[in-house]
Amino acid sequence: MKQVRRIVILVSLVCLIAAPCLWAALPESPQGWVSDFAGILSEDTTSQINGLIDDVKRSTGAEIAVVTVSSLEGMTVEDYAVRLFEKWGIGEKEQDNGVLFLIAPNERKTRIEVGYGLEPVITDGRAGEIIRETILPFFRAGDYDQGILQGSRQIAALITDTDFVPSVPIPRSEPQQDFTPLPIKIGVMLFFALFITLGFLALGYALRQKGQGFFLIWGSGFGGIPLLMSLAFSLAMGFPIYILPAWALIVLIIGLRYGKTVIHKALTSGASFSVGGRTYSSSGSSFGGFSGGSSFGGFSGGSSGGGGASGSW
């Protein structure tokens, strides 16, 4: 019990010491509606945004703070935005109608933090849409002035319930390039092709011969599942999608025509195994499967974002 109390006291002391340090890392006071601490905005853009926010304040009472910072001081963009919002008290006290548009160019992070009173107007989904479709295309093109200006205009349009029309064209995002080396693509496809070959050869043999239910089921699964997986990987890697389906069809035809000869030779060349009461033999490999190597339990991957009101470029 004493040990637990000591831990609680220690944690509390650490929090008390750390909290002032985190607050000290934040800008002490705003420079105006626009606080360009990172120095990325032109005077003309700053003037336009200040005038825009002035109009919003007069017509609705809502307050918008546009802030650029040189560093997030080791915090996440979400944590930094919440702390700065609270420290500065953005928005009217009784209405909670403030918005913080934060940009950290060195970390390539941005966030739209919304006060409680404006959450029904600027939802997480709408904030995320502004970031993805308006702000980030400009940022990726290296145009911070227009990214921040057009983003501020769209935020203001939502608050004042007016239509937003960009004053300049929004850059089109370039399609994502596939950087997977060609040898890796070919290797993955050849790996699938091996299973497809064995499976569809057995399937063709089973379709031609009567009483071969085992090979019919085995060939369908052993060849069909890798074929379906190869289609997904072909789309993901930009590999021609028709190659392996065409190869599966060719192997199926070969299995229908010559499968009996091929499988008979394979089954009578060495070691034996039995299926359905019949004994078969094989010298080096069996159609029961392969052991070792990679497993097709699934390739994992993914990506996650910072929420509906954050973005990176």
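**From A156 to the strands around β2**

Begin by selecting A156 in this predicted model: leaving aside residues up to four places away in sequence, A156 touches L52, V56 and I64. Widen the selection to residues 144-160 and you have helix α5, in which A156 is found. With a relative accessible area of 4%, A156 falls under the 20% cut-off and is therefore buried. Add I53 next, which lies 103 residues from A156 in sequence, although the two C-alpha atoms are 7.4 Å apart in space.

From A156, follow the contact to I64 and select strand β2, residues 63-68, where six of the six residues are buried. In a regular strand the side chains alternate between the two faces of the sheet. Viewed along β2, E63, A65 and V67 point one way, while I64, V66 and T68 point the other way, and all are buried.

Now bring in strand β1, residues 34-36, which runs parallel to β2 and is joined to it by three bridges; here D36 stands opposite T68 of β2. To trace the connection, select helix α2, residues 43-60, through which the chain crosses from β1 to β2 in a left-handed β-α-β crossover.

Then turn to strand β3, residues 98-104, which pairs with β2 in the parallel sense over six bridges, and pick out V99, the bridge partner of I64 in β3. The chain passes from β2 to β3 by way of helix α3, residues 77-88, and this β-α-β crossover is right-handed.

To finish, return to I64, where two parts of the tour meet: I64 is touched by A156, and I64 has V99 as its bridge partner in β3.

Note on methods:
Residues are numbered from 1 along each chain as its sequence is written. This is a predicted model: local features need pLDDT of at least 70, side-chain atom pairs count only at pLDDT 80 or more; totals for chains, interfaces and linings use all residues. Side-chain values use heavy atoms; hydrogens and water are left out. Helices (H or I, at least four residues) and strands (E, at least two) are DSSP runs, numbered from the N terminus. Buried means under 20% relative accessible area, exposed over 50%, partly exposed in between (1.4 Å probe, protein chains only). Contact means heavy atoms within 4.5 Å. Two strands pair if DSSP finds at least two bridges between them. A crossover is right-handed if, with the strands pointing away from the viewer, the path from the first strand over the helix to the second runs clockwise.
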